[in-house]
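Me: I have a structure to read and would like to learn how its features are described. Please take them one at a time.

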Number of protein chains: 2
Amino acid sequence: MTQVRRSAQQAAVPPSTVARLPGYLRALDELASAGVTTTSSDELARAAGVGPAQLRKDLSYLGSYGRRGVGYDVAHLAEQVGVVLGLRVERRVVIVGIGYLGHALASYSGFAERGFAVVALVDVDEAVVGTLVGGLVVEPFDELARVVAATGATIGVIATPAAAAQDVCDALVAAGVGGILTFAPRALRTPAHVDVRAVDVASELQILAFHDTRRQVPGA
Amino acid sequence: MTQVRRSAQQAAVPPSTVARLPGYLRALDELASAGVTTTSSDELARAAGVGPAQLRKDLSYLGSYGRRGVGYDVAHLAEQVGVVLGLRVERRVVIVGIGYLGHALASYSGFAERGFAVVALVDVDEAVVGTLVGGLVVEPFDELARVVAATGATIGVIATPAAAAQDVCDALVAAGVGGILTFAPRALRTPAHVDVRAVDVASELQILAFHDTRRQVPGA
DNA sequence: TAGATTGTTAATCGATTAACAATC
DNA sequence: TAGATTGTTAATCGATTAACAATC
């Protein structure tokens with residue numbers, strides 16, 4: 001048991017596989033909406049935008065949920081992927097920073113549809129605190145710890161300017177959240193037991209610009 | 001020359017390295033702002049949140065921009081990384097879908113700071129078309145091709161609901177953009193010459209939920 | 001049974017890490 | 001020169017892909 005962070009259930013699911021599971025779940029939901037009840041690795045892979053071999057390999061880490069010669073039951077597989085992702089337990093989210101982005105996130109219906117409840121909004125700006133956004137009253141930043149404790153939020157979202165990100169991050173960690181999703185373009189320092197995912201839209205554009213260059217300027 | 005998409009310049013930069021370059025650029029800008037003029041792979045790696053060996057390996061694909069025993073000139077290295085990413089040419093961006101998210105993106109100052117000009121906003125909703133957002137007048141969706149041609153946009157951002165994403169994507173491709181950044185939770189089909197990057201915030205939360213589960217429910 | 005499709009194995013490929021010779 | 005730090009090589013590691021035996 002010197003192995004770092006390994007669940008007791010089955011063999012570990014590799015990170016690259018975990019990162020693709022939400023896409024499979026999305027594709028399964030789309031198929032279900034279209035009335036499809038049984039699917040194949042070929043069909044599901046196409047819907048998710050990956051190769052069929054990769055899909056089967058990924059699913060094999062979760063267990064054996066298909067039937068040879070037949071395929072996968074859409075509803076059953078979706079349920080199992082949901083279980084593995086931990087979506088059968090309600091996940092509560094607190095959003096810090098209620099600017100345009102925070103507004104967008106607080107109002108986004110896609111969260112509820114995919115297993116998340118936004119339970120609190122927090123901001124430092126006195127002009128924003130107390131206003132109603134997406135059905136919630138914005139709380140002051142210095143109440144963060146209390147708000148997290150009171151709501152049972154386990155995931156924090158940072159939607160503040162980059163300059164404030166590390167302080168907000170520290171406060172979220174101190175308040176006891178286990179995972180952080182940050183939109184601020186800055187590397188965050190966190191203890192090892194806190195999971196961080198970063199979305200940086202300008203970085204995404206820069207990666208697109210790289211390929212754009214290769215395409216437009218072949219020689220120089 | 002049967003090799004697919006390979007630039008004529010130097011040896012290809014691996015995708016995983018390209019994806020980290022924006023982070024290095026960010027870290028370099030932070031160091032420069034702090035008055036640092038020379039840095040080491042150790043210092044820069046720490047600022048960017050990666051290991052020093054990985055940083056040096058990544059930079060080695062771009063060329064030799066450091067000096068042994070001394071380190072890297074911050075300004076010079078930032079310039080070179082910018083060149084490789086294609087940021088010395090102005091990149092023009094059109095945003096489709098001006099809801100909360102589109103608003104947030106249109107108003108985001110971080111784009112301009114990092115080499116991008118938002119040159120056009122487009123929406124289908126008649127109530128939104130004609131309004132002023134972030135200093136730009138929102139154009140009707142059926143004008144997309146004309147707007148892209150007139151502004152010279154080469155990158156399209158999709159900030160619409162998932163149901164509209166594929167149609168918007170097709171229209172952007174038809175209009176001639178070379179890269180697409182989508183926030184809609186749906187796999188997009190595009191021709192091979194168009195580069196797509198997808199940001200799905202609910203998927204990010206689901207990945208966090210996976211680790212949350214491992215932590216909170218060790219046994220079952 | 002014959003046909004279809006999974007789950008798994010093995011081979012390939014790419015990415016990361018560590019170590020160190022080159023060199024400032 | 002002695003100390004520092006890069007750039008590169010080689011070793012390790014993990015991820016992807018292809019092929020096919022198992023089996024419905």
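Me: Which element gives the most to the surface near DNA strand D?

Reply: A residue counts as near a strand if one of its heavy atoms lies within 4 Å of it. Helices (H or I, at least four residues) and strands (E, at least two) are DSSP runs, numbered from the N terminus. Here H3(A) gives the most to the surface near DNA strand D, with four residues. This is a predicted model, in which local features need pLDDT of at least 70, side-chain atom pairs count only at pLDDT 80 or more, and totals for chains, interfaces and linings use all residues. Residues are numbered from 1 along each chain as its sequence is written, chains are lettered from A and ligands numbered from 1 in the order in which they are written, and side-chain values use heavy atoms, with hydrogens and water left out.

Me: Which residues come nearest to DNA strand D?

Reply: There are 25 residues around DNA strand D, and Arg20(A), Arg67(A), Ser41(B), Lys57(B) and Gly66(B) come nearest. On the DNA side, 64% of the atoms of strand D within 4 Å of the protein belong to sugar and phosphate.

Me: How are the residues of that surface divided by class?

Reply: Ala, Val, Leu, Ile, Met, Phe, Trp, Tyr, Cys and Pro count as nonpolar, Asp, Glu, Lys and Arg as charged, and the others, Gly among them, as polar. The surface near DNA strand D has six nonpolar, 10 polar and nine charged residues.

Me: Which part of DNA strand D does the side chain of Arg20(A) approach?

Reply: A polar contact is a pair of N or O atoms within 3.5 Å; within protein, one must be able to donate a hydrogen and the other to accept it, and residues adjacent in sequence count only if both atoms are side-chain atoms. A polar side-chain atom of Arg20(A) lies 2.7 Å from a phosphate oxygen of DNA strand D. For Arg67(A), a polar side-chain atom lies 2.5 Å from a sugar or linking oxygen of that strand. Tyr65(B) uses a backbone N or O atom, 3.4 Å from a phosphate oxygen of DNA strand D.

Me: What about DNA strand C? Which residues come nearest there?

Reply: Of the 25 residues around DNA strand C, those that come nearest are Ser41(A), Gly66(A), Tyr72(A), Arg20(B) and Arg67(B). The side chain of Arg20(B) has an N or O atom 2.7 Å from a phosphate oxygen of DNA strand C, and that of Arg67(B) has one 2.5 Å from a sugar or linking oxygen. H3(B) gives the most to this surface, with four residues.

Me: How can chain B be laid on chain A?

Reply: Copies are superposed by least squares on the C-alpha atoms of residues with pLDDT of at least 70 in both. A turn of 180° and a shift of 0.0 Å along the axis lay chain B on chain A with an RMSD of 0.0 Å. That is the relation of a two-fold axis. With contact meaning heavy atoms within 4.5 Å, 99% of the contact residues of chain B recur in chain A, so the same surface serves both copies.

Me: Why do S1 and S2 of chain A each have one side without a neighbour in the sheet?

Reply: Two strands pair if DSSP finds at least two bridges between them. In chain A an open sheet of three strands has the order S1-S3-S2, with antiparallel pairing. Strand S1 (38-39) and strand S2 (66-67) stand at the edges with a single partner strand each, so one side of each has no neighbour in the sheet. S2(A) pairs with strand S3 (residues 71-73) over two bridges, and Gly66(A) has Tyr72(A) as its bridge partner.
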